[in-house]
Amino acid sequence: MTTPYSEAAPTRAEVDALSGATVLEFGANWCGICRGAQPVITEVLAGQAIRHLKIEDGSGRPLGRSFGVKLWPTLVFLSDGKEAARVVRPGSAQDVRDALARITPDA
């Protein structure tokens, strides 16, 4: 995994106030499924002019709970702080591309 999931997470109010296109990626650094999904996620998001926040999730982590995250990795695609798409455990690059197209028309 190239970039680890950050233990520091923004508040839900901060996320809701974000402008533009954002991808929140919830997971854990020790998660094998998260590590296995990284090549697909990295391939699709590389070169995109979007904010990509990798946030460590787990018990007692309020941001993931506010988005109803139950499985990792979960990618939440936001446009101006509002959820436009979601991919749970992406199986292919196309899954991520389809969701990305909902927040970036040129993706």
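Q: What do the buried residues of α2 pack against?
A: In this predicted model, they pack against β1, β2, β3 and α4.

Q: Which residues of α2 are called buried?
A: Cys 34, Ala 37, Gln 38, Val 40, Ile 41, Val 44 and Leu 45. The term applies because each has a relative accessible area under 20%.

Q: How do you know whether the length of α2 fits that of a helix with its number of residues?
A: α2 has 14 residues, and its first and last C-alpha atoms are 20 Å apart. The expected span counts 1.5 Å for one less than the number of residues, which here comes to 20 Å. The span of α2 is therefore close to the expected one.

Q: What makes Gln 38 the site of a kink in α2?
A: The bend there is about 40°. This value is the angle between axes fitted to the seven residues ending at Gln 38 and the seven starting there, so it describes a change of direction within α2. The proline Pro 39 follows shortly after the kink. Just after α2, Gly 47 takes a positive phi of about 80°.

Q: What makes β2 and β4 edge strands?
A: The open sheet has four strands in the order β2-β1-β3-β4, with mixed pairing. β2 (51-56) and β4 (82-88) each pair on one side only, and on that ground they are the edges. From one strand to the next, the twist averages 20°.

Q: How do you know that β1 and β3 pair?
A: Pairing needs at least two bridges, and six join β1 (residues 21-27) to β3 (residues 74-79). The criterion is therefore met. The two strands run antiparallel. One of the bridges links Glu 25 to Leu 75 in β3.

Q: Which helices pack on the sheet, and at what angles?
A: Helix α2 (residues 32-45) touches β1, β2 and β3, and its direction makes about 170° with that of β1. Helix α4 (residues 93-101) touches β3 and β4, and its direction makes about 175° with that of β4.

Q: Why is Val 96 called buried or exposed?
A: Val 96, in helix α4, has a relative accessible area of 0%. That is under the 20% cut-off, so Val 96 is called buried.

Q: What does Val 96 touch beyond four places away in sequence?
A: Its contacts are Val 40, Val 44, Phe 77, Val 87 and Pro 90. Val 40 and Val 44 are among the buried residues of α2. Another of these, Ile 41, is 55 residues from Val 96 in sequence, yet their C-alpha atoms are 6.9 Å apart.

Conventions. Residues are numbered from 1 along each chain as its sequence is written. This is a predicted model: local features need pLDDT of at least 70, side-chain atom pairs count only at pLDDT 80 or more; totals for chains, interfaces and linings use all residues. Side-chain values use heavy atoms; hydrogens and water are left out. Axes are lines fitted to C-alpha atoms, for helices over the stretch in contact, and angles run from 0 to 180 degrees between N-to-C directions. Contact means heavy atoms within 4.5 Å. Buried means under 20% relative accessible area, exposed over 50%, partly exposed in between (1.4 Å probe, protein chains only).
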